[in-house]
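Welcome to a short set of exercises, each with a worked solution. Please keep the sequence and the model open while you work through them.

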Amino acid sequence: MPKNNTVISIRNVTKIYGHGDSSVTALNGVNLDIKRGETLAIVGKSGSGKSTLAHILATLDQPTSGEVVIDGKNSAKLPRRVVNRLRNRTFGFVFQQFYMNSRDTVLNNVMLPMVIAGVKPSTRRKRAMEALKTVELADKVKSKANDLSGGQKQRVCIARAIVNNPAVIFADEPTGNLDSATGDVIQKLLFDLNRTKGITLVIVTHDMELAAKCDRQIHIKDGQIIDESQDATDSVKSAKGDRK
Amino acid sequence: MKLYDMIRMGNSNLWRNKSRTFLTILAIFIGAFTIMMTTGINTGVNNYIDRQVAAVGSEDYLQVMPAQMAEQFESLMSGSNEVREYKPEDNSTTSQILTDEDITKIESVDGIDSAKFYTMVTTDYVANGQDGATKYQMNASVMPTASMKLDLAAGSDLDMDNDEAQIVLPDKYVKPLGFASNEDAVGKTIKIGATSQVTQQTDEAEVKIVGVQNASVVGMGSAWMNDKAGQLIEDITMAGLPQEYRNQANAIVAQLDKDHISEEAASKVKEQLEDMGYSSMTLTDTVSMIKSFFDAITTVLTIFGAISLLAAAIGIINTLYMSVQERTREIGLMKAMGLSRAKIFGMFSLEAIALGFWGGIIGLAVAFIARAIVNPLASRTFLASLPGFTLIEFNPLYLLIIVLIVMAIAFLAGTLPARRAANKDPIESLRYE
Ligand SMILES: Nc1ncnc2c1ncn2[C@@H]1O[C@H](COP(=O)(O)OP(=O)(O)OP(=O)(O)O)[C@@H](O)[C@H]1O
Ligand SMILES: [Mg+2]
């Protein structure tokens with residue numbers, strides 16, 4: 001596989017929280033390559049280290065040892081400015097707990113990444129509206145984020161994650177707080193983004209059904225990848241066909 | 001993130017907790033307002049004194065005293081406990097009295113044109129020329145120099161060398177003395193009463209009104225006389241004393257040469273006089289003494305203002321620490337989305353600066369309102385006798401500097417919470433409940 005096809009690759013990554021007796025090894029010598037355009041599910045029991053892994057992949061957290069290589073560059077050696085730009089433009093985040101400025105309007109929440117990027121106000125509006133149309137919430141722009149339902153909140157978060165046209169979206173239990181019908185809407189949205197815009201998806205989940213819809217699943221146990229299953233190319237295609 | 005967005009967000013965040021922000025701004029406002037008002041009053045007083053001095057205008061004379069007397073004044077004022085050995089030259093009578101000899105000596109100094117005794121007379125009353133007219137208390141002084149300009153409402157300046165006894169009357173005496181108007185008083189003759197120091201006998205001298213003067217702080221409402229009028233009064237107050245007493249005084253007025261009327265030249269003359277054992281003061285020296293008295297008062301008030309600003313700064317630190325705590329998740333989210341440490345620091349600093357700005361601006365607005373209310377009130381009441389004295393005067397530059405200083409203090413106070421916000425870890429912050 002050509003190197004430029006790997007967006008993020010981590011080598012021998014270990015993450016230890018705390019010191020001495022009370023230290024917790026959340027990740028233990030993990031190696032992983034994420035390919036451009038793929039959909040990857042990270043599954044495992046609670047406390048196994050899934051979120052920790054996702055955070056390290058997304059440069060939100062730094063490993064205790066090991067390397068995180070993004071687009072061929074060691075992220076630890078990149079200037080902070082470049083890493084910030086990466087998180088702002090190249091990555092998008094969707095969290096289980098939504099994390100929004102609940103007192104702010106939907107529009108302002110969606111525009112936040114563009115405010116951080118320094119996009120000029122007129123463009124911000126236009127792109128936020130487009131993103132909200134994608135998640136079918138154009139009629140809620142003026143609403144307070146707090147007044148939305150759980151599913152609507154998560155759709156706003158997805159709109160926020162895509163406004164800067166990211167290459168990778170990290171979703172940590174995106175459907176974990178939603179009922180199954182609403183969860184399906186969110187899943188469909190994410191996979192549509194992968195299909196239409198080629199956005200790489202990294203989804204942390206304990207929902208095996210959702211995991212099965214991804215191109216690849218990695219199983220984590222006690223901070224180690226114990227099993228990596230990859231659907232045959234044919235079955236991926238058919239699975240993707242099924243999801244339409 | 002653009003600066004515009006940082007200012008916008010910083011300012012809108014402020015109003016999330018309105019009462020807390022309001023109280024913090026109130027504290028800043030009190031400090032800013034106090035300092036603005038004190039500098040306003042200071043400017044008002046100084047401007048008034050300057051205007052009065054400019055009106056009086058004579059920078060061309062020195063008041064000369066024996067150095068020893070000035071020294072004794074000083075040690076009396078500073079409450080010195082020192083006991084000094086007596087030497088014959090310390091003789092307190094001879095060393096404090098100036099005589100014709102001193103006049104000759106002082107006149108010989110390079111830069112001094114002429115010198116004369118400074119006549120200090122005490123008058124008791126003034127009365128209209130008619131017999132049996134009502135007497136009014138009045139203090140009249142001999143004008144030290146011909147170049148002194150008085151703020152005249154009518155008539156003309158005193159002719160110091162004239163053989164006719166002349167007086168310039170404060171305008172408040174015009175009506176009591178029975179004149180129809182200021183103009184009417186000019187040219188009339190009035191009587192000045194004085195009492196002998198020896199015989200205790202009261203006598204009157206006739207003087208002619210040449211001018212009527214607007215009330216002013218210089219002279220404190222006293223009337224001004226020319227030398228001739230001064231001599232007439234002295235004749236009364238010194239009646240019964242031997243003639244020798246007439247040719248001595250405690251102070252001499254030395255007129256500077258026309259080409260020595262700069263501060264530099266005056267200080268050279270003062271140095272020479274000092275070497276000769278005299279101490280001397282120009283009008284500027286006297287004025288700066290008055291000013292430094294007011295400056296001392298305003299300094300104390302400004303310190304009070306500064307203390308309340310310090311308390312306000314602690315309020316800012318507290319408010320922003322709470323704000324950082326409350327917005328931990330929001331900070332985490334923005335950091336996760338790639339907002340740099342510097343920008344987060346900047347956002348909270350701008351919030352602190354905004355607090356300082358609003359405190360300063362409200363202080364400014366209320367200071368202007370206070371000026372609009374206090375000034376007319378003051379000139380109607382306790383400053384009624386000093387027309388032209390505006391109690392509070394604002395120098396826009398000073399006010400601007402005060403607002404900027406308040407903003408700078410707010411910024412410095414804000415750096416502590418802003419640093420805490422900037423150093424937050426994105427994941428830990430997102431987890432924060
Ligand atoms: N900030 C932290 N300090 C100390 N220990 C931590 C911290 N974050 C995570 N851990 C520990 O690291 C381990 C892995 O945590 P992680 O959040 O990655 O689990 P997870 O697989 O995402 O679990 P879940 O499915 O419940 O979200 C756990 O044992 C957790 O207690
Ligand atoms: Mg987790």
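**Exercise 1. Cysteines of chain A**

Task: Work out whether Cys157(A) is buried or exposed, and explain why its sulfur forms no bond with that of Cys214(A).

Solution. Please bear in mind throughout that this is a predicted model.
- Step 1: Cys157(A) has a relative accessible area of 0%, so this residue is buried.
- Step 2: Cys214(A) is buried as well, with a relative accessible area of 1%.
- Step 3: A disulfide is a covalent bond joining the sulfur atoms of two cysteines.
- Step 4: The cut-off for a disulfide is a pair of cysteine sulfur atoms within 2.5 Å.
- Step 5: For Cys157(A), the closest cysteine sulfur is that of Cys214(A), at 19 Å, and this is too far for a bond.
- Step 6: Seen from Cys214(A), the closest cysteine sulfur belongs to Cys157(A), again at 19 Å and too far for a bond.
- Step 7: Over all chains, the structure holds zero disulfides.

**Exercise 2. Two helices that cross**

Task: Describe how helix 3 and helix 5 of chain A cross, and name the residues that meet.

Solution.
- Step 1: Locate helix 3 at residues 106-117 and helix 5 at residues 150-162 of chain A.
- Step 2: Their axes come within 7 Å, and the crossing angle is roughly 30°.
- Step 3: The crossing of helix 3 of chain A with helix 5 of chain A is right-handed.
- Step 4: Helix 3 of chain A contributes Val106(A), Asn109(A), Val110(A) and Pro113(A), which meet Val156(A), Ala159(A) and Arg160(A) of helix 5 of chain A.
- Step 5: Sorted by type, the residues of this contact are five nonpolar, one polar and one charged.
- Step 6: In an α-helix there are 3.6 residues a turn, so residues three or four places apart point the same way.

**Exercise 3. The strand around Thr14(A)**

Task: Find the strand that holds Thr14(A), then list the strands of chain A that pair with it.

Solution.
- Step 1: Thr14(A) sits in strand 1 of chain A, residues 6-17.
- Step 2: Its relative accessibility is 13%, so Thr14(A) counts as buried.
- Step 3: Strand 1 pairs with strand 2 (residues 24-35) of chain A in the antiparallel sense, over eight bridges. Within this pairing, Val13(A) stands opposite Val30(A).
- Step 4: These two strands make a hairpin with six residues between them, and Gly18(A) in the turn has a positive phi of about 75°.
- Step 5: Strand 1 of chain A also pairs with strand 4 (residues 65-70) of chain A, antiparallel and over five bridges. Here Arg11(A) has Glu67(A) as its bridge partner.
- Step 6: Leaving out residues up to four places away in sequence, Thr14(A) touches Thr25(A), Leu27(A), Asn28(A), Gly29(A), Pro63(A), Thr64(A) and Ser65(A).

**Exercise 4. A loop residue and a helix residue**

Task: Place Leu178(A) and Asp184(A) in chain A, and give the separation of each from Gly151(A).

Solution.
- Step 1: Leu178(A) lies in the loop between strand 7 (168-172) and helix 6 (180-197) of chain A, whereas Asp184(A) belongs to helix 6 of chain A.
- Step 2: Leu178(A) is buried at a relative accessible area of 15%, while Asp184(A) is partly exposed at 43%.
- Step 3: Between the C-alpha atoms of Leu178(A) and Gly151(A) there are 6.5 Å, although their positions lie 27 residues apart along the chain when counted as places apart.- Step 4: For Asp184(A) and Gly151(A), 33 residues apart along the chain, the C-alpha separation is 9.9 Å.
- Step 5: Setting aside neighbours within four places in sequence, Leu178(A) is in contact with Phe98(A), Gly150(A), Gly151(A), Gln154(A), Gly183(A) and Ile186(A).

**Exercise 5. A sheet in chain B**

Task: Give the strand order of the four-stranded open sheet in chain B, and say which helix packs on it.

Solution.
- Step 1: The order is 3-13-1-14, with antiparallel pairing.
- Step 2: Strand 3 (112-117) and strand 14 (278-281) of chain B are the edge strands, each pairing on one side only.
- Step 3: From one strand to the next, the twist averages 30°.
- Step 4: Strand 1 (residues 61-66) of chain B joins strand 14 of chain B through four bridges in the antiparallel sense. Met65(B) stands opposite Ser279(B) there.
- Step 5: Helix 8 (residues 283-326) of chain B packs on the sheet and touches strand 1 and strand 14. The direction of helix 8 makes about 70° with that of strand 14 of chain B.

Conventions. Residues numbered from 1 in each chain as written. Chains lettered and ligands numbered in written order. Predicted model: local features only at pLDDT ≥ 70, side-chain atom pairs only at ≥ 80, totals over all residues. Heavy atoms only, no water. Axes fitted to C-alpha atoms, helices over the stretch in contact; angles between N-to-C directions. Left-handed = near helix turned anticlockwise from the far one by under 90°. Contact = heavy atoms within 4.5 Å. Nonpolar A, V, L, I, M, F, W, Y, C, P; charged D, E, K, R; others polar. Pairing = 2+ DSSP bridges. Buried < 20%, exposed > 50% of the residue type's maximum accessible area, 1.4 Å probe, protein only.
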